[in-house]
Amino acid sequence: MTKDYIWWKDATIYQIWPASYKDSNNDGVGDIPGIISKLDYIKSLGADIIWLSPMYDSPQDDMGYDISNYNTIYPKYGTMEDMDNLISGCHKREIKLILDLVVNHTSSEHDWFKESKSSRDNSKRDWYVWKPARYDSEGKRHPPNNWKSFFSESAWEYDETTDEYYLHLFAKSQPDLNWENETTRNAIYEYALDFWFKKGIDGFRIDTAGLYSKDQSFADAPIVSPGEELQFCGNSVNNGPRIHEFHKEMFEKVTSKYDVMTVGEVGHCSREDTLKYVSAKEREMSMVFLFDLVSLGYSSTDRYQYDGFSLKDLKDAIVKQCNFIFGTDAWSTMFIENHDQARAVTRFGNTKTLDNTFKSAKLIALMQATLTGTLFIYQGQEIGMTNLPRSWDISEYKDIESNNAYQDLLKTHNISDPENDSRVKRFMDTLALVSRDHARSPVQWTADKHGGFSGTKPWMRVNDNYKEINVESQVGDPNSVFSFYQKCLVLRRQYKDLFVYGDISVLDYENPQLFSYVKQSGTSKAYVVLNFSGEPAKFESSVPGTLRLLNTNVDDFKDDSLSPWEGRVYLVEQL
Ligand code: NOJ
(Lines give C-alpha, C1' and ligand atoms only; values in the text may rest on other atoms or scores of the structure.)
Protein backbone atom coordinates (compact mmCIF):
# COMPACT_ATOMS: atom_id res chain seq x y z
CA MET A 1 0.00 0.00 0.00
CA THR A 2 1.26 3.53 -0.77
CA LYS A 3 2.25 5.49 2.31
CA ASP A 4 2.74 8.85 0.76
CA TYR A 5 1.26 10.99 3.49
CA ILE A 6 -1.16 13.41 1.92
CA TRP A 7 -3.31 15.78 3.99
CA TRP A 8 -6.55 14.38 2.68
CA LYS A 9 -5.53 10.80 3.41
CA ASP A 10 -4.71 11.45 7.06
CA ALA A 11 -7.69 13.72 7.59
CA THR A 12 -10.87 13.29 9.58
CA ILE A 13 -13.74 14.87 7.66
CA TYR A 14 -16.81 16.17 9.49
CA GLN A 15 -19.99 16.45 7.44
CA ILE A 16 -22.47 19.25 8.02
CA TRP A 17 -26.08 19.22 6.82
CA PRO A 18 -26.81 22.95 6.90
CA ALA A 19 -30.59 22.83 7.45
CA SER A 20 -30.13 20.94 10.72
CA TYR A 21 -26.83 22.12 12.14
CA LYS A 22 -27.51 25.35 14.04
CA ASP A 23 -30.09 28.06 13.54
CA SER A 24 -28.63 31.49 14.36
CA ASN A 25 -31.62 33.71 13.52
CA ASN A 26 -34.47 31.65 14.95
CA ASP A 27 -36.34 30.99 11.73
CA GLY A 28 -36.31 27.25 12.39
CA VAL A 29 -33.72 26.45 9.72
CA GLY A 30 -29.99 25.97 10.27
CA ASP A 31 -27.71 28.51 8.61
CA ILE A 32 -24.14 29.46 7.79
CA PRO A 33 -23.68 31.90 10.72
CA GLY A 34 -24.87 29.01 12.92
CA ILE A 35 -22.12 26.82 11.50
CA ILE A 36 -19.54 29.57 12.01
CA SER A 37 -20.57 29.76 15.68
CA LYS A 38 -19.65 26.08 16.06
CA LEU A 39 -16.27 26.04 14.33
CA ASP A 40 -14.37 25.94 17.63
CA TYR A 41 -16.48 22.98 18.69
CA ILE A 42 -15.65 21.16 15.43
CA LYS A 43 -11.98 21.98 15.86
CA SER A 44 -12.06 20.66 19.42
CA LEU A 45 -13.46 17.36 18.20
CA GLY A 46 -10.34 16.93 16.10
CA ALA A 47 -11.79 17.31 12.60
CA ASP A 48 -9.43 18.54 9.87
CA ILE A 49 -11.89 19.13 7.07
CA ILE A 50 -15.55 20.10 6.92
CA TRP A 51 -17.73 18.77 4.13
CA LEU A 52 -20.70 21.09 3.79
CA SER A 53 -23.73 19.58 2.08
CA PRO A 54 -25.39 21.84 -0.54
CA MET A 55 -25.91 25.43 0.57
CA TYR A 56 -26.61 26.80 -2.94
CA ASP A 57 -29.85 28.46 -3.90
CA SER A 58 -32.49 25.83 -4.40
CA PRO A 59 -36.23 25.19 -4.15
CA GLN A 60 -35.22 22.44 -1.66
CA ASP A 61 -37.24 19.61 -3.19
CA ASP A 62 -34.28 17.37 -2.41
CA MET A 63 -32.73 19.43 0.39
CA GLY A 64 -30.45 21.42 -1.89
CA TYR A 65 -29.43 18.59 -4.24
CA ASP A 66 -31.66 20.49 -6.66
CA ILE A 67 -29.61 23.59 -7.38
CA SER A 68 -31.16 26.60 -9.10
CA ASN A 69 -28.00 28.72 -9.05
CA TYR A 70 -24.44 27.48 -8.44
CA ASN A 71 -23.21 30.93 -7.51
CA THR A 72 -25.72 32.15 -4.98
CA ILE A 73 -26.65 30.95 -1.52
CA TYR A 74 -30.02 29.62 -0.39
CA PRO A 75 -31.34 32.73 1.42
CA LYS A 76 -32.42 30.83 4.54
CA TYR A 77 -28.82 29.65 4.93
CA GLY A 78 -27.34 33.13 4.55
CA THR A 79 -25.47 35.25 2.03
CA MET A 80 -22.32 35.08 -0.04
CA GLU A 81 -20.67 37.20 2.62
CA ASP A 82 -21.54 34.52 5.20
CA MET A 83 -19.96 31.91 2.91
CA ASP A 84 -16.81 34.01 2.59
CA ASN A 85 -16.72 34.26 6.38
CA LEU A 86 -17.15 30.52 6.69
CA ILE A 87 -14.25 29.87 4.33
CA SER A 88 -11.99 32.30 6.19
CA GLY A 89 -13.26 31.12 9.60
CA CYS A 90 -12.32 27.56 8.71
CA HIS A 91 -8.93 28.51 7.34
CA LYS A 92 -8.13 30.66 10.35
CA ARG A 93 -8.57 27.53 12.47
CA GLU A 94 -6.61 25.38 10.00
CA ILE A 95 -9.74 23.52 9.01
CA LYS A 96 -10.26 22.90 5.32
CA LEU A 97 -13.66 23.21 3.70
CA ILE A 98 -15.10 21.10 0.90
CA LEU A 99 -18.46 21.64 -0.78
CA ASP A 100 -20.91 19.34 -2.53
CA LEU A 101 -20.60 19.27 -6.32
CA VAL A 102 -24.02 18.42 -7.76
CA VAL A 103 -23.67 18.39 -11.53
CA ASN A 104 -25.48 15.31 -12.77
CA HIS A 105 -28.62 17.44 -12.61
CA THR A 106 -29.82 20.90 -11.69
CA SER A 107 -33.14 22.06 -10.34
CA SER A 108 -35.89 22.60 -12.91
CA GLU A 109 -35.81 26.17 -11.54
CA HIS A 110 -32.27 26.72 -12.86
CA ASP A 111 -32.21 29.31 -15.66
CA TRP A 112 -30.42 26.80 -17.87
CA PHE A 113 -33.38 24.43 -17.66
CA LYS A 114 -35.98 27.16 -18.00
CA GLU A 115 -34.32 28.14 -21.29
CA SER A 116 -33.92 24.55 -22.40
CA LYS A 117 -37.59 23.91 -21.78
CA SER A 118 -38.80 27.04 -23.52
CA SER A 119 -38.64 25.68 -27.09
CA ARG A 120 -37.11 22.90 -29.14
CA ASP A 121 -34.79 25.33 -30.90
CA ASN A 122 -33.56 27.21 -27.84
CA SER A 123 -29.74 27.34 -27.74
CA LYS A 124 -29.77 25.46 -24.42
CA ARG A 125 -32.25 22.78 -25.55
CA ASP A 126 -29.43 20.26 -25.77
CA TRP A 127 -28.06 21.09 -22.29
CA TYR A 128 -30.53 18.54 -20.88
CA VAL A 129 -31.67 15.15 -22.14
CA TRP A 130 -34.83 15.43 -24.23
CA LYS A 131 -36.44 12.52 -26.08
CA PRO A 132 -39.65 11.95 -28.01
CA ALA A 133 -42.44 9.79 -26.60
CA ARG A 134 -42.98 6.14 -27.49
CA TYR A 135 -46.47 5.25 -28.68
CA ASP A 136 -48.06 1.80 -28.37
CA SER A 137 -50.27 0.12 -30.96
CA GLU A 138 -53.31 1.87 -29.49
CA GLY A 139 -51.63 5.23 -29.87
CA LYS A 140 -51.12 5.67 -26.13
CA ARG A 141 -48.15 7.81 -25.15
CA HIS A 142 -45.34 6.27 -23.04
CA PRO A 143 -41.98 7.54 -21.76
CA PRO A 144 -38.96 6.91 -24.01
CA ASN A 145 -37.90 3.85 -21.99
CA ASN A 146 -38.71 1.82 -18.86
CA TRP A 147 -36.34 3.50 -16.42
CA LYS A 148 -37.65 4.03 -12.91
CA SER A 149 -36.13 7.06 -11.21
CA PHE A 150 -34.19 6.57 -7.97
CA PHE A 151 -37.06 8.39 -6.27
CA SER A 152 -39.88 6.16 -7.62
CA GLU A 153 -42.03 6.66 -10.78
CA SER A 154 -40.71 7.12 -14.31
CA ALA A 155 -37.33 8.77 -14.86
CA TRP A 156 -38.95 10.76 -17.69
CA GLU A 157 -41.30 13.72 -17.40
CA TYR A 158 -43.50 14.83 -20.25
CA ASP A 159 -43.39 18.49 -21.22
CA GLU A 160 -46.50 19.65 -23.03
CA THR A 161 -45.02 22.84 -24.48
CA THR A 162 -42.48 21.05 -26.60
CA ASP A 163 -44.13 17.59 -26.71
CA GLU A 164 -41.02 15.74 -25.49
CA TYR A 165 -39.85 14.03 -22.32
CA TYR A 166 -36.85 15.09 -20.27
CA LEU A 167 -34.74 12.72 -18.21
CA HIS A 168 -34.55 12.98 -14.42
CA LEU A 169 -32.83 10.10 -12.62
CA PHE A 170 -34.01 11.61 -9.32
CA ALA A 171 -37.08 13.83 -8.74
CA LYS A 172 -38.88 15.38 -11.68
CA SER A 173 -37.64 18.74 -10.45
CA GLN A 174 -34.05 17.47 -10.94
CA PRO A 175 -33.52 17.28 -14.73
CA ASP A 176 -30.31 15.55 -15.82
CA LEU A 177 -27.73 17.70 -17.56
CA ASN A 178 -26.52 16.51 -20.95
CA TRP A 179 -22.80 15.85 -20.49
CA GLU A 180 -22.46 14.94 -24.18
CA ASN A 181 -22.60 18.66 -24.95
CA GLU A 182 -19.16 20.26 -24.58
CA THR A 183 -20.54 23.77 -24.04
CA THR A 184 -22.61 22.44 -21.13
CA ARG A 185 -19.57 20.76 -19.64
CA ASN A 186 -17.54 23.93 -19.86
CA ALA A 187 -20.33 25.90 -18.18
CA ILE A 188 -20.44 23.32 -15.38
CA TYR A 189 -16.67 23.62 -14.91
CA GLU A 190 -16.82 27.39 -14.82
CA TYR A 191 -19.87 27.96 -12.61
CA ALA A 192 -20.05 24.91 -10.39
CA LEU A 193 -16.32 24.28 -9.84
CA ASP A 194 -13.96 27.09 -10.75
CA PHE A 195 -16.07 29.82 -9.18
CA TRP A 196 -15.68 28.10 -5.78
CA PHE A 197 -12.05 27.07 -6.19
CA LYS A 198 -11.25 30.75 -6.85
CA LYS A 199 -12.95 31.55 -3.56
CA GLY A 200 -10.49 29.26 -1.82
CA ILE A 201 -12.45 26.10 -1.01
CA ASP A 202 -10.39 22.95 -0.62
CA GLY A 203 -12.31 20.47 -2.71
CA PHE A 204 -15.58 18.78 -3.41
CA ARG A 205 -17.63 15.79 -2.52
CA ILE A 206 -18.87 14.78 -5.96
CA ASP A 207 -22.54 13.84 -5.96
CA THR A 208 -23.60 10.82 -8.07
CA ALA A 209 -20.23 10.90 -9.82
CA GLY A 210 -20.85 7.72 -11.80
CA LEU A 211 -24.02 8.88 -13.57
CA TYR A 212 -22.99 11.66 -15.95
CA SER A 213 -22.45 9.58 -19.07
CA LYS A 214 -25.58 7.96 -20.45
CA ASP A 215 -25.41 5.28 -23.09
CA GLN A 216 -26.86 7.16 -26.03
CA SER A 217 -29.03 4.24 -27.09
CA PHE A 218 -31.23 4.89 -24.02
CA ALA A 219 -32.22 1.22 -24.19
CA ASP A 220 -34.71 -0.28 -21.73
CA ALA A 221 -33.23 -1.42 -18.42
CA PRO A 222 -33.09 -5.17 -17.80
CA ILE A 223 -36.15 -6.59 -16.01
CA VAL A 224 -35.43 -6.97 -12.30
CA SER A 225 -39.05 -6.56 -11.14
CA PRO A 226 -41.07 -8.89 -13.37
CA GLY A 227 -44.53 -7.68 -14.25
CA GLU A 228 -43.76 -4.04 -13.50
CA GLU A 229 -43.68 -1.41 -16.20
CA LEU A 230 -40.80 0.53 -14.67
CA GLN A 231 -37.46 -1.08 -13.87
CA PHE A 232 -34.47 -0.18 -11.72
CA CYS A 233 -32.22 1.97 -13.94
CA GLY A 234 -29.04 1.85 -11.85
CA ASN A 235 -27.36 -0.78 -13.98
CA SER A 236 -28.10 1.17 -17.17
CA VAL A 237 -26.85 4.57 -16.07
CA ASN A 238 -23.82 3.93 -13.86
CA ASN A 239 -20.34 4.01 -15.37
CA GLY A 240 -21.57 4.99 -18.82
CA PRO A 241 -19.32 4.84 -21.90
CA ARG A 242 -17.72 8.31 -21.53
CA ILE A 243 -17.68 8.63 -17.73
CA HIS A 244 -13.90 8.44 -17.36
CA GLU A 245 -13.32 10.81 -20.27
CA PHE A 246 -15.56 13.35 -18.47
CA HIS A 247 -13.86 12.99 -15.10
CA LYS A 248 -10.42 13.22 -16.67
CA GLU A 249 -11.44 16.35 -18.52
CA MET A 250 -12.89 17.94 -15.37
CA PHE A 251 -9.70 17.13 -13.49
CA GLU A 252 -7.36 18.41 -16.21
CA LYS A 253 -9.31 21.56 -16.99
CA VAL A 254 -10.12 22.62 -13.43
CA THR A 255 -9.38 20.53 -10.35
CA SER A 256 -5.72 19.84 -11.12
CA LYS A 257 -4.99 23.59 -11.04
CA TYR A 258 -5.56 23.69 -7.26
CA ASP A 259 -4.23 21.83 -4.20
CA VAL A 260 -7.61 20.28 -3.39
CA MET A 261 -9.24 16.93 -2.76
CA THR A 262 -12.30 15.28 -4.23
CA VAL A 263 -14.37 12.38 -2.98
CA GLY A 264 -16.80 10.78 -5.37
CA GLU A 265 -20.10 9.11 -4.73
CA VAL A 266 -19.96 6.16 -7.11
CA GLY A 267 -22.35 3.29 -6.60
CA HIS A 268 -23.19 -0.03 -8.22
CA CYS A 269 -19.80 -0.99 -9.45
CA SER A 270 -17.23 -3.73 -9.14
CA ARG A 271 -13.89 -3.16 -7.42
CA GLU A 272 -12.20 -3.12 -10.82
CA ASP A 273 -14.57 -0.46 -12.16
CA THR A 274 -14.37 1.64 -8.98
CA LEU A 275 -10.57 1.64 -9.11
CA LYS A 276 -10.72 3.37 -12.49
CA TYR A 277 -12.06 6.49 -10.76
CA VAL A 278 -9.50 6.64 -7.98
CA SER A 279 -6.30 5.09 -9.16
CA ALA A 280 -3.83 8.00 -8.76
CA LYS A 281 -2.46 7.52 -12.24
CA GLU A 282 -5.93 7.94 -13.77
CA ARG A 283 -6.08 11.56 -12.51
CA GLU A 284 -9.83 11.68 -11.89
CA MET A 285 -10.57 12.02 -8.15
CA SER A 286 -8.84 11.51 -4.81
CA MET A 287 -11.12 8.85 -3.34
CA VAL A 288 -14.62 7.41 -3.52
CA PHE A 289 -17.12 6.36 -0.93
CA LEU A 290 -17.42 2.61 -0.60
CA PHE A 291 -20.91 1.56 0.39
CA ASP A 292 -20.41 -2.03 1.57
CA LEU A 293 -20.80 -1.22 5.25
CA VAL A 294 -23.65 1.28 5.11
CA SER A 295 -25.65 -0.85 2.65
CA LEU A 296 -25.69 -3.94 4.85
CA GLY A 297 -29.14 -5.49 4.77
CA TYR A 298 -30.47 -3.44 1.81
CA SER A 299 -31.48 -5.14 -1.42
CA SER A 300 -29.24 -3.86 -4.22
CA THR A 301 -32.14 -2.15 -5.97
CA ASP A 302 -34.26 -0.90 -3.07
CA ARG A 303 -33.24 0.04 0.46
CA TYR A 304 -36.80 -0.50 1.71
CA GLN A 305 -36.47 -4.21 0.92
CA TYR A 306 -34.45 -4.52 4.11
CA ASP A 307 -33.37 -7.97 5.21
CA GLY A 308 -30.95 -7.49 8.12
CA PHE A 309 -27.36 -8.74 8.32
CA SER A 310 -25.10 -10.87 10.47
CA LEU A 311 -21.85 -9.92 12.19
CA LYS A 312 -20.05 -11.97 9.56
CA ASP A 313 -21.60 -9.77 6.86
CA LEU A 314 -20.30 -6.73 8.72
CA LYS A 315 -16.80 -8.21 8.91
CA ASP A 316 -16.88 -9.04 5.20
CA ALA A 317 -17.98 -5.51 4.32
CA ILE A 318 -15.23 -3.92 6.39
CA VAL A 319 -12.51 -6.17 5.05
CA LYS A 320 -13.68 -5.48 1.50
CA GLN A 321 -13.49 -1.73 2.12
CA CYS A 322 -10.11 -1.81 3.86
CA ASN A 323 -8.64 -4.12 1.23
CA PHE A 324 -10.05 -2.11 -1.65
CA ILE A 325 -6.76 -0.23 -2.09
CA PHE A 326 -4.49 -3.16 -1.30
CA GLY A 327 -1.75 -3.42 -3.92
CA THR A 328 -3.00 -0.36 -5.84
CA ASP A 329 -2.19 3.35 -6.04
CA ALA A 330 -5.79 4.24 -5.11
CA TRP A 331 -7.24 5.63 -1.90
CA SER A 332 -10.40 4.94 0.04
CA THR A 333 -12.85 6.16 2.68
CA MET A 334 -14.26 4.91 5.96
CA PHE A 335 -17.73 6.19 6.84
CA ILE A 336 -20.66 4.70 8.68
CA GLU A 337 -23.11 7.63 8.55
CA ASN A 338 -23.98 10.43 6.19
CA HIS A 339 -27.07 12.38 5.18
CA ASP A 340 -28.39 9.40 3.19
CA GLN A 341 -28.00 6.83 5.96
CA ALA A 342 -29.72 6.10 9.22
CA ARG A 343 -27.82 6.54 12.50
CA ALA A 344 -25.03 4.01 13.05
CA VAL A 345 -25.71 3.46 16.73
CA THR A 346 -29.25 2.29 15.92
CA ARG A 347 -28.24 0.14 12.97
CA PHE A 348 -25.03 -1.39 14.29
CA GLY A 349 -25.16 -0.83 18.06
CA ASN A 350 -27.92 -0.98 20.62
CA THR A 351 -30.22 1.81 21.77
CA LYS A 352 -32.47 -0.07 24.19
CA THR A 353 -31.05 1.86 27.16
CA LEU A 354 -29.07 5.06 27.36
CA ASP A 355 -26.07 3.17 28.76
CA ASN A 356 -26.13 0.81 25.82
CA THR A 357 -26.52 3.71 23.42
CA PHE A 358 -23.44 5.46 24.74
CA LYS A 359 -21.39 2.31 25.08
CA SER A 360 -22.17 1.03 21.60
CA ALA A 361 -21.69 4.50 20.08
CA LYS A 362 -18.19 4.40 21.57
CA LEU A 363 -17.66 0.89 20.23
CA ILE A 364 -18.45 2.18 16.75
CA ALA A 365 -16.02 5.07 17.27
CA LEU A 366 -13.34 2.63 18.37
CA MET A 367 -13.88 0.50 15.30
CA GLN A 368 -14.11 3.31 12.77
CA ALA A 369 -11.05 5.12 14.09
CA THR A 370 -8.88 2.03 13.57
CA LEU A 371 -9.96 1.30 9.98
CA THR A 372 -8.14 2.10 6.73
CA GLY A 373 -8.92 5.16 4.58
CA THR A 374 -9.96 8.77 5.11
CA LEU A 375 -12.34 8.92 8.07
CA PHE A 376 -15.73 10.63 7.85
CA ILE A 377 -17.90 11.59 10.82
CA TYR A 378 -21.43 12.87 10.30
CA GLN A 379 -22.86 15.65 12.49
CA GLY A 380 -24.33 14.25 15.70
CA GLN A 381 -22.48 10.95 15.36
CA GLU A 382 -19.91 12.32 17.78
CA ILE A 383 -22.52 12.44 20.57
CA GLY A 384 -24.30 9.19 19.69
CA MET A 385 -27.43 10.64 18.06
CA THR A 386 -29.92 7.86 17.34
CA ASN A 387 -32.67 7.12 14.83
CA LEU A 388 -36.02 8.82 15.29
CA PRO A 389 -38.61 6.98 17.40
CA ARG A 390 -40.65 4.22 15.74
CA SER A 391 -43.82 5.87 17.11
CA TRP A 392 -43.48 8.85 14.75
CA ASP A 393 -45.82 8.70 11.79
CA ILE A 394 -45.10 9.49 8.16
CA SER A 395 -45.93 13.19 8.60
CA GLU A 396 -42.70 13.62 10.59
CA TYR A 397 -40.63 12.24 7.70
CA LYS A 398 -39.60 15.12 5.45
CA ASP A 399 -37.37 13.40 2.89
CA ILE A 400 -38.60 13.12 -0.69
CA GLU A 401 -37.25 9.57 -0.97
CA SER A 402 -39.11 8.35 2.14
CA ASN A 403 -42.32 10.10 1.12
CA ASN A 404 -42.24 8.92 -2.49
CA ALA A 405 -41.59 5.33 -1.38
CA TYR A 406 -44.56 5.57 1.02
CA GLN A 407 -46.86 6.96 -1.68
CA ASP A 408 -45.60 4.32 -4.11
CA LEU A 409 -46.58 1.60 -1.66
CA LEU A 410 -50.09 3.01 -1.21
CA LYS A 411 -50.53 3.35 -4.96
CA THR A 412 -49.11 -0.04 -5.93
CA HIS A 413 -51.34 -1.90 -3.48
CA ASN A 414 -54.32 0.43 -3.68
CA ILE A 415 -54.20 0.99 0.07
CA SER A 416 -56.98 3.29 1.27
CA ASP A 417 -56.66 2.81 5.04
CA PRO A 418 -52.92 3.06 5.71
CA GLU A 419 -53.30 3.18 9.49
CA ASN A 420 -54.72 -0.33 9.59
CA ASP A 421 -52.71 -1.96 6.86
CA SER A 422 -50.05 -4.53 7.74
CA ARG A 423 -47.94 -3.70 4.65
CA VAL A 424 -47.80 -0.06 5.72
CA LYS A 425 -46.91 -1.12 9.25
CA ARG A 426 -44.04 -3.24 7.89
CA PHE A 427 -42.91 -0.38 5.70
CA MET A 428 -42.93 1.99 8.69
CA ASP A 429 -40.82 -0.55 10.65
CA THR A 430 -38.27 -0.47 7.85
CA LEU A 431 -38.44 3.30 7.54
CA ALA A 432 -37.75 3.57 11.28
CA LEU A 433 -34.58 1.64 10.67
CA VAL A 434 -33.18 2.85 7.36
CA SER A 435 -34.76 6.13 6.26
CA ARG A 436 -32.54 9.09 5.36
CA ASP A 437 -34.60 11.27 7.71
CA HIS A 438 -32.83 9.85 10.75
CA ALA A 439 -29.66 11.70 9.82
CA ARG A 440 -31.49 14.91 9.05
CA SER A 441 -33.15 15.85 12.33
CA PRO A 442 -31.70 18.91 14.07
CA VAL A 443 -28.46 18.54 16.00
CA GLN A 444 -29.13 18.23 19.72
CA TRP A 445 -27.02 20.97 21.28
CA THR A 446 -28.61 21.32 24.72
CA ALA A 447 -31.44 19.97 26.90
CA ASP A 448 -33.41 23.17 26.25
CA LYS A 449 -36.52 23.42 24.12
CA HIS A 450 -35.88 22.33 20.50
CA GLY A 451 -32.61 20.82 21.65
CA GLY A 452 -30.96 24.25 21.61
CA PHE A 453 -30.96 24.06 17.80
CA SER A 454 -33.31 26.99 17.36
CA GLY A 455 -35.42 29.39 19.39
CA THR A 456 -38.48 28.43 17.38
CA LYS A 457 -40.15 25.27 16.06
CA PRO A 458 -37.59 23.74 13.70
CA TRP A 459 -38.31 22.72 10.09
CA MET A 460 -38.05 19.11 11.23
CA ARG A 461 -38.92 17.72 14.64
CA VAL A 462 -36.02 17.28 17.05
CA ASN A 463 -35.50 13.69 18.22
CA ASP A 464 -37.41 13.11 21.48
CA ASN A 465 -34.22 12.06 23.28
CA TYR A 466 -32.50 15.50 23.13
CA LYS A 467 -32.66 15.92 26.91
CA GLU A 468 -30.52 12.82 27.40
CA ILE A 469 -28.34 13.08 24.29
CA ASN A 470 -26.94 16.53 23.61
CA VAL A 471 -23.63 18.31 23.09
CA GLU A 472 -23.74 20.50 26.19
CA SER A 473 -23.95 17.53 28.53
CA GLN A 474 -21.06 15.77 26.80
CA VAL A 475 -18.39 18.39 26.16
CA GLY A 476 -16.03 18.36 29.10
CA ASP A 477 -17.38 15.09 30.53
CA PRO A 478 -14.46 12.66 30.27
CA ASN A 479 -16.86 9.70 30.02
CA SER A 480 -18.99 11.04 27.19
CA VAL A 481 -19.21 9.78 23.63
CA PHE A 482 -17.86 13.16 22.48
CA SER A 483 -14.74 12.89 24.69
CA PHE A 484 -14.27 9.34 23.48
CA TYR A 485 -14.32 10.50 19.84
CA GLN A 486 -11.72 13.13 20.71
CA LYS A 487 -9.48 10.47 22.18
CA CYS A 488 -9.99 8.06 19.26
CA LEU A 489 -9.03 10.77 16.78
CA VAL A 490 -5.88 11.68 18.69
CA LEU A 491 -4.83 8.01 18.68
CA ARG A 492 -5.70 7.61 15.03
CA ARG A 493 -3.39 10.47 14.20
CA GLN A 494 -0.65 9.27 16.54
CA TYR A 495 -0.68 5.75 15.06
CA LYS A 496 -1.69 6.66 11.55
CA ASP A 497 0.57 4.08 9.91
CA LEU A 498 -1.46 1.39 11.61
CA PHE A 499 -4.92 2.83 11.58
CA VAL A 500 -5.14 5.07 8.51
CA TYR A 501 -2.73 3.21 6.25
CA GLY A 502 -2.36 -0.28 7.80
CA ASP A 503 -3.56 -3.61 6.43
CA ILE A 504 -6.29 -5.59 8.15
CA SER A 505 -6.56 -9.31 8.99
CA VAL A 506 -9.68 -10.60 10.68
CA LEU A 507 -9.10 -13.28 13.31
CA ASP A 508 -12.58 -14.60 14.01
CA TYR A 509 -14.81 -14.62 10.93
CA GLU A 510 -17.21 -17.17 12.37
CA ASN A 511 -17.53 -15.73 15.90
CA PRO A 512 -21.12 -14.40 16.13
CA GLN A 513 -20.33 -11.96 19.00
CA LEU A 514 -16.78 -10.76 18.61
CA PHE A 515 -15.08 -8.89 15.81
CA SER A 516 -11.30 -9.09 16.26
CA TYR A 517 -8.67 -7.96 13.84
CA VAL A 518 -5.07 -7.00 13.55
CA LYS A 519 -4.00 -3.80 11.85
CA GLN A 520 -0.44 -4.01 10.64
CA SER A 521 2.13 -1.73 9.11
CA GLY A 522 5.60 -3.17 8.61
CA THR A 523 6.39 -4.86 11.91
CA SER A 524 4.01 -2.69 14.00
CA LYS A 525 0.71 -4.20 14.94
CA ALA A 526 -2.49 -3.24 16.72
CA TYR A 527 -5.01 -5.76 17.93
CA VAL A 528 -8.65 -4.69 18.07
CA VAL A 529 -11.37 -6.73 19.75
CA LEU A 530 -14.99 -5.61 19.74
CA ASN A 531 -18.02 -7.23 21.33
CA PHE A 532 -20.90 -6.57 18.96
CA SER A 533 -23.48 -8.22 21.19
CA GLY A 534 -25.59 -7.64 24.26
CA GLU A 535 -24.02 -10.64 26.04
CA PRO A 536 -20.59 -11.03 27.64
CA ALA A 537 -18.12 -12.74 25.31
CA LYS A 538 -15.16 -14.96 26.16
CA PHE A 539 -11.89 -13.45 25.12
CA GLU A 540 -8.53 -15.04 24.57
CA SER A 541 -5.88 -13.36 22.47
CA SER A 542 -4.41 -15.43 19.68
CA VAL A 543 -1.92 -12.73 18.71
CA PRO A 544 1.70 -13.48 19.61
CA GLY A 545 3.43 -10.73 21.60
CA THR A 546 2.67 -8.61 24.65
CA LEU A 547 -0.55 -6.61 24.51
CA ARG A 548 -0.47 -3.01 25.70
CA LEU A 549 -3.92 -1.46 26.09
CA LEU A 550 -4.27 1.69 24.02
CA ASN A 551 -7.98 2.42 24.27
CA THR A 552 -11.23 0.95 25.55
CA ASN A 553 -14.82 2.10 26.10
CA VAL A 554 -15.08 0.73 29.67
CA ASP A 555 -13.54 1.69 33.02
CA ASP A 556 -12.96 -1.79 34.38
CA PHE A 557 -12.47 -4.94 32.46
CA LYS A 558 -11.84 -8.62 32.88
CA ASP A 559 -8.88 -10.23 31.21
CA ASP A 560 -10.80 -13.21 29.92
CA SER A 561 -14.09 -11.69 28.76
CA LEU A 562 -15.66 -8.62 27.23
CA SER A 563 -18.85 -7.14 28.63
CA PRO A 564 -21.72 -6.34 26.20
CA TRP A 565 -20.67 -3.73 23.60
CA GLU A 566 -17.17 -3.49 25.05
CA GLY A 567 -14.21 -2.87 22.78
CA ARG A 568 -10.45 -2.66 23.22
CA VAL A 569 -7.50 -1.64 21.13
CA TYR A 570 -4.08 -3.00 22.04
CA LEU A 571 -0.66 -2.30 20.67
CA VAL A 572 1.18 -5.54 20.12
CA GLU A 573 4.71 -5.41 21.44
CA GLN A 574 6.91 -8.06 19.90
CA LEU A 575 8.55 -10.61 22.18
C1 NOJ B 1 -26.96 11.66 -3.77
C2 NOJ B 1 -27.16 12.49 -2.54
O3 NOJ B 1 -26.32 12.01 -1.54
C4 NOJ B 1 -28.62 12.41 -2.19
O5 NOJ B 1 -28.90 12.98 -0.94
C6 NOJ B 1 -29.40 13.07 -3.29
O7 NOJ B 1 -30.77 12.89 -3.03
C8 NOJ B 1 -29.07 12.46 -4.65
N9 NOJ B 1 -27.67 12.28 -4.84
C10 NOJ B 1 -29.54 13.34 -5.76
O11 NOJ B 1 -28.68 14.43 -5.91
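## Strand pairing in the predicted model

Two strands are taken to pair if DSSP finds at least two bridges between them. The structure described here is a predicted model. In it, strand 10 and strand 11 (residues 164-167) run antiparallel and are joined by four bridges. One residue pair in this arrangement is Asp159 with Glu164, the latter being the bridge partner in strand 11.

These strands belong to an open sheet of three strands, ordered 6-11-10, in which the pairing is antiparallel. Strand 6 (130-131) and strand 10 (156-159) are the edge strands; each has a single partner strand, so one side of each is left without a neighbour in the sheet.

## Strand 12 and its parallel neighbours

Strand 12 (residues 203-206) runs parallel to strand 5 (residues 96-101), and three bridges join the two. Within this pairing, Arg205 of strand 12 is the bridge partner of Asp100. Strand 12 is also joined to strand 14 (residues 261-264), by four bridges and again in parallel. Here Gly203 stands opposite Met261 of strand 14.

The side chains of strand 12 alternate in direction: Gly203 and Arg205 point one way, whereas Phe204 and Ile206 point the other way, and all are buried.

## Helix 10 and its packing

Helix 10 (residues 311-323) comprises 13 residues. From first to last C-alpha, helix 10 reaches 18 Å, close to the 18 Å expected at 1.5 Å a residue. Its buried residues are Leu311, Leu314, Lys315, Ala317, Ile318, Val319, Gln321 and Cys322.

The buried residues of helix 10 pack against two other helices, helix 11 (344-348) and helix 12 (354-368). They also pack against strand 16 (333-334), strand 18 (503-506) and strand 19 (514-521).

## Domain organisation

The protein is divided into domain 1 (7-106 + 182-388 + 439-481), domain 2 (111-167), domain 3 (389-434) and domain 4 (502-573). The contact between domain 1 and domain 2 takes 24 residues from domain 1 and 20 residues from domain 2. The centres of these two domains, taken over C-alpha atoms, are separated by 30 Å.

Domain 1 and domain 2 bury about 1800 Å² between them, with 67% of it on carbon and sulfur atoms. On the domain 1 side, Phe218, Asp220 and Leu230 lose the most area to domain 2, together 33% of what that side buries.

## Database annotation

An unreviewed UniProt entry lists residues 15-440 as "domain: Glycosyl hydrolase family 13 catalytic". Over residues 15-440 the chain is 31% helix and 13% strand. The end C-alpha atoms of that range are 12 Å apart.

Key: Residues are numbered from 1 along each chain as its sequence is written. This is a predicted model: local features need pLDDT of at least 70, side-chain atom pairs count only at pLDDT 80 or more; totals for chains, interfaces and linings use all residues. Side-chain values use heavy atoms; hydrogens and water are left out. UniProt positions are given in the numbering used here, feature names are shortened, and annotations may be inferred rather than shown by experiment. Buried means under 20% relative accessible area, exposed over 50%, partly exposed in between (1.4 Å probe, protein chains only). The expected span of a helix is 1.5 Å times one less than its number of residues. Contact means heavy atoms within 4.5 Å. Domain bounds come from an automatic or database domain assignment. Buried area is the accessible area (1.4 Å probe) that two parts lose on being put together, summed over both.
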